[in-house]
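Me: Please take a close look at one part of this model, the place where two helices pack against each other, and tell me what can be said with care.

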Amino acid sequence: MMLEARDLSIGYGTTVVGTRLSLVARPGDVVCLLGPNGCGKTTLFRTILGLLPALAGSVMLGGKPIAQQRRAEIARRIAYVPQAHAPPFPFEALDVVLMGRTARLGLFGQPGARDRAAARHAMARLGIADLAHRDYSRLSGGQRQLVLIARALVQEAALIVMDEPTASLDFGNRAQVLAQIAGLTRDTGAAGCGVILSTHDPDQAFALDARVLLMKDGRPHAEGPADTVLTARNLSAVYGIPVTVETTRGGRKVCLPSLDLQSAPTMTSDALTMA
Ligand SMILES: Nc1ncnc2c1ncn2[C@@H]1O[C@H](COP(=O)(O)OP(=O)(O)OP(=O)(O)O)[C@@H](O)[C@H]1O
């Protein structure tokens, strides 16, 4: 099962948000999308999920154009973890996880004992079995994020797309979610899946030993292993601030932005200037 996006132009109707974007993901891969606010990460995700038509180029999922696949068919192959927001009315966390089975149940199917077992198993795998009967809307942001990851797991899709899975998480939960993502892809056999995620933290790409698509203004600026893409030069060029990349005593690379206001430019990204 492979996702292959080639030479995509993305956008909304006549508004082109990005061009020349390519991306390949297989089970076992971690692919990180990095780039400034408004550079087109969410739009790219919506396009590769088949929620938004590509303006040019192709998205192939399992060897077949995504535009020719039905939603349920896509959902069996690729799961989506949106950013965790609280729903307006209460659900048990277990029910939220069970919603991931919908793609497998058909229109009027009711979840059965096997679906419940799968949901409990996914929660246990993520260390949140004890949250099963808690009110989802009252969980913390980190707990909710893990519930949504469990929901994606029970979909039993080979690929999972995560939109900023660590946004709004505290330091501890962030590390916990990252560790879980690493675990998902390292599982051997049928259980190992591919993860495509967006993040605003380049250190996460190093921590996950990810392949990186570094975007700027809707275009690929660099693509490849974190080590070769996330250089001081590339990061400085894309984010418009001086950045140094250092290696810790433990051997992991970390990025250090300059906090010197003299050298900081004015904010240039679309999202911030438009706000
Ligand atoms: N529905 C829409 N119609 C037209 N333009 C849109 C729409 N949604 C987003 N855009 C524009 O597309 C561009 C890319 O937005 P997108 O949300 O993909 O960026 P992003 O990289 O995910 O940003 P962030 O890091 O801030 O989440 C922005 O200029 C945005 O204003």
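Reply: What follows describes one helix pair and then turns briefly to another helix. The model is predicted, so local features need pLDDT of at least 70 and side-chain atom pairs count only at pLDDT 80 or more, while totals for chains, interfaces and linings use all residues. Residues are numbered from 1 along each chain as its sequence is written.

Helix H5 (residues 113-125) packs with helix H6 (residues 141-154) at an angle of about 130°, their axes lying 9 Å apart; helices here are DSSP runs of H or I of at least four residues, numbered from the N terminus, and axes are lines fitted to C-alpha atoms over the stretch in contact, with angles running from 0 to 180 degrees between N-to-C directions. That makes H5 oblique to H6, since angles under 35 degrees count as roughly parallel, over 145 as roughly antiparallel, 65 to 115 as roughly perpendicular and the rest as oblique. On the H5 side, Ala118, Ala119, Ala122, Met123 and Arg125 meet Ala150, Leu153 and Val154 of H6, contact requiring C-beta atoms, placed from the backbone, within 7 Å. By class, this contact has seven nonpolar residues, no polar ones and one charged, where Ala, Val, Leu, Ile, Met, Phe, Trp, Tyr, Cys and Pro count as nonpolar, Asp, Glu, Lys and Arg as charged, and the others, Gly among them, as polar.

Elsewhere, six of the eight residues of helix H1 (residues 41-48) are buried, so H1 is largely enclosed by the rest of the structure; buried means 20 or more other C-beta atoms within 10 Å of the residue's own, with C-beta atoms placed from the backbone. The buried residues of H1 are Lys41, Thr43, Leu44, Phe45, Thr47 and Ile48.

Definitions and conventions: A residue is buried if 20 or more other C-beta atoms lie within 10 Å of its own, exposed if 12 or fewer, and partly exposed in between; C-beta atoms are placed from the backbone. Helices (H or I, at least four residues) and strands (E, at least two) are DSSP runs, numbered from the N terminus. Two residues are in contact if their C-beta atoms, placed from the backbone, lie within 7 Å.
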